[in-house]
Every structure is written in structure tokens, then in C-alpha cells.
Amino acid sequence: MTLEPAIRDDWYVVGALGDAAGTGFRTRLLGTDIVVAPGQDGTAPTVHAAGGRALPVRGLYGCLWTSLGEPSREPPAIPETEEPDRRHVLCGTVQVRASGLRIVENFLDMAHFPFVHTDILGAEPHTEVLHYTTEIRRDVDEVWATNCQFFQPQAALSATTGIMTQYQYRIATPHVTMLYKTCPGAANRWDVICLFVQPLDPDRCRVHPVMFLIDDVSRLTDLVAFQQLIFLQDRIILENQRPILLPLEPRAEIPTRADSSSVAYRRWLKEKGVRYGTTVRSSPVPA
């Protein structure tokens, strides 16, 4: 399969650094089998594609990043990770039979909160998605949704009452997205929840959720379990969406006002010429 540059030359998380430091592992990225091996004498892990080709490697945010191509920039910067009082929570990995682009789009969707994450991230009768702002930030080549708000019975594990939660969404690459949301324990700061999507094939992915939280009370196992519960609820919806791949053709799916972030995301993908994981028919792309 020929990969378009916007997908081939991007960075992807393929596992936790801790796993790479042990015995290594085998996995898959964009239809290619890869092998991760621990470094020697404390050096960084190595990643090789089928045939022995060495791939670039970065270790960031507790995760191992690699690429099948030649990235023109580093993996997305997350400045909050450098704040010393934040808890860094790796939430494991979930495999999903869906396009990675579908997974990112679902992450942006507030309208499903009351119906999929009932009594946690939403509840009836609080179902309205209030107006918010979306933009493609050309200076950094990212999609942002700001001024988002939604009533949540339990916005975070540390929350004790329902609150009107403030949200900001950031899509840094087609398969990397972050959520900045109201922090129950620290006014004027954001909790940061990242979704690093590893496309195994166009219709099958591994998802690596990672959180950077202001929470020195909750147990680590409870934080991981809370995030896993949310994502496993999403997986049921994702694996039953049809088509499995993300439609980019005009009028393939009719958006509502609440889908403003999805509309911007799809427009951004089309501008980049993204076909992998979409219903757009693939065609040869020049190297």
C-alpha cells in the first residue's frame, strides 16, 4: 500500500518506553510489521521494519514514538508535561476495530456524553452542545476547538459533584489529539488527556491514552480504571459505526451544529491529502 506523505512522514506511539526497555516487542504500524528491541547499556530502544530497515525513534511522555517515513518535525510538544506537580498516568492500550481517524473524531464529540457515558461525562436532560469555536491554526498546522463547555456529573475521578466543565480540544496530527479540561482540584489550570492512536491497518488500531493530571489524592489504579472505562464505552460505538473508515466525500455524512470540530478536522485532512483510514479511494502518491 502506498502511503501519502502526510501519513507516512508522521510520528506514532507504538508502545510504552517501559515495555521497550524490557524484552522488546513486535507490533504493527500502517500495515507494516515492526520490531522494537531494547537498547544496549542504557541506550535508546531501536525499531526496525520488515526487512531490517531502521526507523527513527523518540522517547517522549513515557511512550516510544517512531515513523515509517522521514518526519520534518519532532512529535507534538505538550508543555504541561514539564510541570513538576503533574501526575503522569499511562492508561494502557486498547485495540479497536475502526479507523484511527474515526477514533480521533469520536474523541472530539461532546454530543454523545449523556448517552454513552451516562452519569459520568453527561446525563439527561443536559444534552445540548453549546456553541463553541473551531479553527485551523495555520501557524502550527493544528486544529483547535475552544470555548467548549458541557455539564458533567463526574468530570474526573477526583470530582465530588457535577460541574459545568470547560474544554479545549487540540488535534496536533491526524492521529494525535489532546483534551484540556477543567481541573477539579486546581482553579485556572487544565487537566490534559492525550490520545495517541497507532493505526495497525486502515480499519484496526491500538490506542494509547495518557493523562497529565493535577491530582495527588487518587490511586493510580483507580485513575487508570476510570479512563479505561470511558474508552471501553467508546469502543462499543466505534466498532459499530458504518462505514468503519472515515468518509471524506462531500455529503457522505450530514453534520449538525455540534459537529463543528469534526467538520474542521475533515477539512484539514482533505487539505493534507489524507486517504489512509478513509473511504476515499487510494491512488499512487509521489514519494
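Nine bridges join strand 14 (residues 190–201) to strand 15, and the two run antiparallel. The model is a predicted one. Strand 14 and strand 15 make a hairpin, with two residues between them. Within this pairing, Pro199 stands opposite Cys205 of strand 15.

**Strand 15 and its partners**

Strand 15 covers residues 204–213. Eight of its 10 residues are buried, so the strand is largely enclosed by the rest of the structure. Buried here means under 20% relative accessible area.

Strand 14 is one of the partners of strand 15. Strand 8 (residues 87–90) also pairs with strand 15, through four bridges and in the antiparallel sense. There, Arg87 faces Leu213 of strand 15. Strand 9 (residues 94–96) is joined to strand 15 by three bridges, again antiparallel. Val96 of this pairing stands opposite Cys205 in strand 15. Cys205 is thus placed opposite Val96 and opposite Pro199.

The table sets out these pairings beside two from the open sheets.

| Strand pair | Bridges | Sense | Residues opposite each other |
|---|---|---|---|
| Strand 14 and strand 15 | Nine | Antiparallel | Pro199 and Cys205 |
| Strand 8 and strand 15 | Four | Antiparallel | Arg87 and Leu213 |
| Strand 9 and strand 15 | Three | Antiparallel | Val96 and Cys205 |
| Strand 2 and strand 3 | Five | Antiparallel | Leu29 and Thr32 |
| Strand 1 and strand 7 | Four | Antiparallel | Tyr12 and Thr66 |

**Two open sheets**

One open sheet has four strands, in the order 2-3-4-5, with antiparallel pairing. Its edges are strand 2 (25–29) and strand 5 (54–55). Each has a single partner strand, so one side of each lacks a neighbour in the sheet. Strand 2 pairs with strand 3 (residues 32–37) over five bridges. Leu29 has Thr32 of strand 3 as its bridge partner.

Another open sheet has three strands, in the order 1-7-6, also paired antiparallel. Here strand 1 (12–16) and strand 6 (57–60) stand at the edges. Each of these has a single partner strand, so one side of each is left without a neighbour in the sheet. Neighbouring strands of this sheet are turned by 30° against each other on average, direction ignored. Four bridges link strand 1 to strand 7 (residues 63–66). Tyr12 is matched with Thr66 of strand 7.

Strands of a sheet pair through backbone hydrogen bonds, either parallel or antiparallel.

**Helix 3 against helix 5**

Helix 3 (residues 100–108) packs on helix 5 (residues 220–238) at an angle of about 120°. Their axes lie 11 Å apart. The two helices are therefore oblique to each other. The crossing of helix 3 past helix 5 is right-handed. Helix 3 contributes Arg102, Ile103 and Asn106 to the contact, and helix 5 contributes Phe231, Asp234 and Leu238. By class, the contact residues divide into three nonpolar, one polar and two charged.

**A loop proline**

Pro153 sits in the loop between strand 11 (142–152) and strand 12 (163–173). Is Pro153 buried or exposed? Pro153 falls in between: it is partly exposed, with a relative accessible area of 24%. The C-alpha atoms of Pro153 and Met164 are 8.8 Å apart in space, and the two are 11 residues apart in sequence.

Note on methods: Residues are numbered from 1 along each chain as its sequence is written. This is a predicted model: local features need pLDDT of at least 70, side-chain atom pairs count only at pLDDT 80 or more; totals for chains, interfaces and linings use all residues. Side-chain values use heavy atoms; hydrogens and water are left out. Buried means under 20% relative accessible area, exposed over 50%, partly exposed in between (1.4 Å probe, protein chains only). Two strands pair if DSSP finds at least two bridges between them. Axes are lines fitted to C-alpha atoms, for helices over the stretch in contact, and angles run from 0 to 180 degrees between N-to-C directions. Angles under 35 degrees count as roughly parallel, over 145 as roughly antiparallel, 65 to 115 as roughly perpendicular and the rest as oblique. A crossing is left-handed if the near helix is turned anticlockwise from the far one by less than a right angle, and right-handed if clockwise. Contact means heavy atoms within 4.5 Å. Ala, Val, Leu, Ile, Met, Phe, Trp, Tyr, Cys and Pro count as nonpolar, Asp, Glu, Lys and Arg as charged, and the others, Gly among them, as polar.
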